[in-house]
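Open the model in your viewer and set it to cartoon with side chains available. The tour moves from one selection to the next.

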Amino acid sequence: MTDCTNCQVCALDALAKGIALCIHFLKDFIGDQDGVEGEGNTWKTLKINMKEDKHEWIDVLKVDIEVNEFAALNAIMD
């Protein structure tokens with residue numbers, strides 16, 4: 001996608017390894033609220049991630065959250 005467009009591609013995944021250098025990468029989980037759980041995993045809403053990264057909109061959103069999809073999507077829709 002980065003070769004074909006002038007878009008910035010962002011990935012948020014606290015568990016991924018070996019992400020390509022052409023992608024802006026943040027090691028957070030996306031959820032319905034912000035916080036840190038017992039194992040040190042950082043959870044943030046998409047809204048907070050966008051604010052911190054100074055993004056005003058998203059053209060394409062792909063979601064694969066493993067069990068937390070509905071809570072995260074409810075927060076995104078709000």
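Select Lys44. This is a predicted model, and in it Lys44 counts as buried, because its relative accessibility is 17% and the cut-off for buried is under 20%. Now add Glu52. The two side chains meet in a salt bridge, 2.8 Å from N to O. Side chains of opposite charge can pair when their charged atoms come close. Is Glu52 buried or exposed, or something in between? At 47% relative accessibility, Glu52 counts as partly exposed. Look for further salt bridges if you like; the structure holds one.

**The sheet**

Stay with Lys44 and show its strand. Lys44 is the bridge partner of Ile30, and sits in strand 5. Strand 5 covers residues 42-44 and pairs with strand 3 in the parallel sense, over two bridges. Strands of a sheet pair through backbone hydrogen bonds, either parallel or antiparallel.

Next, select strands 3, 4 and 5 together. They form an open sheet in the order 3-5-4, with mixed pairing. Strand 3 (29-30) and strand 4 (35-36) stand at the edges, each with a single partner strand, so one side of each has no neighbour in the sheet.

**Thr45 and its contacts**

Step along to Thr45. Thr45 is in the loop between strand 5 and helix 1, which spans 46-52. Thr45 is buried, with a relative accessible area of 13%. Which residues touch Thr45, leaving aside neighbours within four places in sequence? Show Ile30, Gly31, Asp32, Gln33 and Asp34: Thr45 is in contact with each of these.

**The core**

Select Ile30, Leu46, Met50, Ile65 and Ala72. These five residues make up the largest nonpolar core. Keep Ala72 highlighted. Beyond its neighbours within four places in sequence, Ala72 contacts Ile30, Gly31, Asp32 and Ile65. Two of those partners, Ile30 and Ile65, are themselves in the core.

**Helix 2**

Colour residues 69-77, which form helix 2. Pick Ala75, which lies in this helix. Ala75 counts as partly exposed, at 26% relative accessibility. Draw a distance from Ala75 to Asp32. How far apart are the two in sequence and in space? They are 43 residues apart in sequence and 5.1 Å apart in space, C-alpha to C-alpha. Setting aside neighbours within four places in sequence, Ala75 is in contact with Gly31 and Asp32.

Now move to Leu73, also placed in helix 2. Leu73 is partly exposed, at 33% relative accessibility. Add Ile58, Leu61 and Val63 as a surface. With Leu73, they make a nonpolar surface patch of about 280 Å².

**The whole chain**

Clear the selections and zoom out. The protein chain has two helices and five strands. Trace the chain from the N terminus: the elements run β-β-β-β-β-α-α. Colour by burial: 22% of the 78 residues count as buried. Show the full surface: the chain exposes about 6,300 Å², with carbon and sulfur atoms supplying 55% of that area. Finish with a contact map. Among contacts between residues at least 6 apart in sequence, 22% join residues at least 24 apart.

Terms used: Residues are numbered from 1 along each chain as its sequence is written. This is a predicted model: local features need pLDDT of at least 70, side-chain atom pairs count only at pLDDT 80 or more; totals for chains, interfaces and linings use all residues. Side-chain values use heavy atoms; hydrogens and water are left out. Helices (H or I, at least four residues) and strands (E, at least two) are DSSP runs, numbered from the N terminus. Buried means under 20% relative accessible area, exposed over 50%, partly exposed in between (1.4 Å probe, protein chains only). Contact means heavy atoms within 4.5 Å. Accessible areas come from the Shrake-Rupley method with a 1.4 Å probe; for residues, only the protein chains shown count as cover. Two strands pair if DSSP finds at least two bridges between them. A nonpolar core is a set of buried Ala, Val, Leu, Ile, Met, Phe, Trp, Tyr and Cys residues joined through side-chain atoms within 4.5 Å. Patches are made of residues with over 30% relative accessible area and no salt bridge: like charges are joined within 9 Å, nonpolar side chains (Val, Leu, Ile, Met, Phe, Trp, Tyr) within 5 Å. A salt bridge is a side-chain nitrogen of Lys or Arg within 4 Å of a carboxyl oxygen of Asp or Glu.
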